[in-house]
Amino acid sequence: MNQYLDFAIDLAERVQGQTGTNPSVGAVIVKDHKIIGFGAHLKKGEAHAEIQALKMAGEEAQGATIYVSLEPCSHYGLTPPCAKAIIDNGIQSVVYAVKDGSLKNSGHEMLYEAGIDVKHEPSKRAEDLYEAFFQQQQTKLPFITLKISTSLDGKVATDYKESKWITSKEVKQDVLKLRSQHDAIITGGMTVREDNPLLTSRNPELSNPTRIVLTEQSSFEGDYEIFKDEDNPVVVVTSSESFHTYENQHIKVKNSDLSNLKTIMKDLYEEGYAQVMVEAGPKLVSQFIEQDLVDQLIIYQAPKMIGGQGKYQYYQTQDVVPLSNSKLFQIISTEIIGGDLKITLRKK
């Protein structure tokens with residue numbers, strides 16, 4: 001893989017989770033074997049990676065090569081086409097890692113017809129990065145990651161609700177980073193009431209997802225940390241028509257039918273939430289799995305057995321499901337973190 005294209009993909013990975021329903025993209029401009037400009041698409045509606053790189057390169061962009069993680073766009077959206085800007089700035093050649101199948105008109109063809117040398121150099125790493133984006137373009141649903149911290153026997157707590165802490169400190173740090181890669185994080189009202197979580201990345205260098213709480217009840221009576229941030233109010237989605245907020249609770253209320261999670265997810269996508277993480281208790285986790293809304297499952301598994309009657313087994317159903325009808329996921333990767341096992345799976 002070309003080192004400059006690798007750098008462009010690095011830039012795209014660093015801003016993953018910041019661009020809403022737009023793809024995260026990185027671009028690098030090179031002339032005479034020197035980098036003269038680079039950029040990344042930081043936020044939906046702002047300048048794309050190619051435009052940032054062109055601004056940095058200035059007049060030096062004439063006759064240079066631009067390396068981009070994703071095929072330059074060819075349409076007018078919130079910003080003008082990047083392919084046109086590349087042409088107008090006198091770029092001589094373009095190398096990109098992934099073809100953008102969501103484009104109505106090919107950016108590749110637009111550049112080629114303008115006399116620019118265009119090369120598609122496929123990258124598995126970049127293809128993995130954009131898998132969620134292309135899926136969202138078809139389904140108009142967010143890419144949903146379900147995160148579970150569990151024991152070897154599938155428990156997220158003991159039968160007496162003890163859950164702090166099943167996994168290691170190193171896992172906690174990895175989860176904070178994982179949160180920062182998502183536009184929104186969803187939990188249930190029961191998790192808020194019992195665990196009093198913050199659900200932030202807890203790092204000023206990492207972005208914080210919008211926090212969304214699903215609850216059937218009509219208020220959160222108590223002193224909960226999650227509602228104290230005036231600058232980042234929590235979105236509470238409730239089926240209660242008379243939800244009440246208390247003084248100093250920073251909450252935005254939305255009413256919805258909580259039995260139909262797909263409708264709620266469609267609404268979130270339309271509002272610009274493309275990468276959504278679910279970090280909740282067994283009831284809500286099971287609903288997401290049962291309604292086939294889990295695209296990616298990340299399990300942090302501690303090498304310990306909890307036992308008990310399985311009251312807090314993370315996946316629960318009313319009926320016994322035959323093995324032939326069981327939910328099937330494919331293991332994508334495994335990693336040891338602080339003595340615990342991180343398993344990443346995708347819906348099969």
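Here is a friendly conversation about a predicted model, taken helix by strand by pocket.

Student: Let's start with helix α6. How far apart are its end C-alpha atoms, and what span should its twelve residues give?

Tutor: Helix α6 covers residues 169–180. At 1.5 Å a residue, its twelve residues should span 16 Å. The expected span agrees with the distance between the end C-alpha atoms, which is 17 Å.

Student: Which residues of α6 are buried?

Tutor: Buried here means under 20% relative accessible area. In α6, that applies to V171, D174, V175, L176, L178, R179 and S180.

Student: And what do the buried residues of α6 pack against?

Tutor: Look at the strands around the helix. The buried residues of α6 pack against β6 (143–150) and β7 (184–188). They also pack against β11 (275–278), β12 (296–301), β13 (329–337) and β14 (340–347).

Student: Moving on along the chain, where is D183 found, and is D183 buried or exposed?

Tutor: D183 sits in the loop between α6 and β7. Its relative accessible area is 12%, and the cut-off for a buried residue is under 20%. D183 is therefore buried.

Student: Which residues does D183 touch, not counting those up to four places away in sequence?

Tutor: Several parts of the chain come together here. D183 touches G17, Q18 and G20, as well as P209 and T210. The rest of its contacts are G272, Y273, A274 and Q275.

Student: P209 appears in that list. Where is the place of P209, and what is its relative accessible area?

Tutor: P209 belongs to the loop between α7 and β8. This proline is buried, with a relative accessible area of 6%.

Student: Leaving aside neighbours within four places in sequence, which residues is P209 in contact with?

Tutor: The contact with D183 shows up from this side too. P209 also meets A184, I185 and L199. Its remaining contacts are R179 and H182.

Student: How far apart in space are P209 and V276, C-alpha to C-alpha?

Tutor: In sequence, P209 and V276 are 67 residues apart. In space, their C-alpha atoms are separated by 8.6 Å.

Student: Let's turn to strand β9. How many of its residues are buried, and on which faces?

Tutor: Strand β9 (residues 234–238) has five of its five residues buried. In a regular strand the side chains alternate between the two faces of the sheet. Both faces of β9 are covered: V235 and V237 lie on one side, and V234, V236 and T238 on the other.

Student: Which strands are joined to β9, and by how many bridges?

Tutor: β9 runs parallel to β8 (residues 210–215), and four bridges join them. It also runs parallel to β10 (residues 251–255), to which it is joined by five bridges.

Student: What are the bridge partners of V236 in β8 and β10?

Tutor: V236 in β9 is the bridge partner of V213. In β10, V236 is partnered by V253.

Student: Just past β10, where is S256 found, and which residues is S256 in contact with?

Tutor: S256 lies in the loop between β10 and α8 (261–270). It is 19 residues from V237 in sequence and 6.4 Å from V237 in space, C-alpha to C-alpha. Leaving aside neighbours within four places in sequence, its contacts are V237, T238, S239 and I264.

Student: Now for the open spaces. What volume has the largest pocket, and which residues are closest to its centre?

Tutor: The largest pocket holds about 1,400 Å³ of space. Its lining has 46 residues, divided into 18 nonpolar, 15 polar and 13 charged. Closest to the centre are T187, T191, D195, A280 and G281.

Student: Which element gives the largest share of the lining of the second largest pocket?

Tutor: The second largest pocket has a volume of about 1,000 Å³. It is lined by 31 residues, with Q16, L178, Q181, Q296 and K342 nearest its centre. The largest share of that lining, six residues, comes from α5.

Student: Which residues lie closest to the centre of the largest cavity?

Tutor: The structure holds one cavity of 30 Å³ or more. About 120 Å³ of space lies in the largest cavity. Of its 15 lining residues, those closest to the centre are T19, N22, P23, S24 and Q275.

How values were computed: Residues numbered from 1 in each chain as written. Predicted model: local features only at pLDDT ≥ 70, side-chain atom pairs only at ≥ 80, totals over all residues. Heavy atoms only, no water. Helix = DSSP H or I, 4+ residues; strand = E, 2+ residues; numbered from the N terminus. Expected span 1.5 Å × (residues − 1). Buried < 20%, exposed > 50% of the residue type's maximum accessible area, 1.4 Å probe, protein only. Contact = heavy atoms within 4.5 Å. 1 Å grid on protein atoms, 1.4 Å probe; cavity = no way out; pocket = protein on both sides within 12 Å on 5 of 7 lines; lining within 4 Å. Points joined across faces, edges and corners; volume = space filled by probe spheres on them. Pairing = 2+ DSSP bridges. Nonpolar A, V, L, I, M, F, W, Y, C, P; charged D, E, K, R; others polar.
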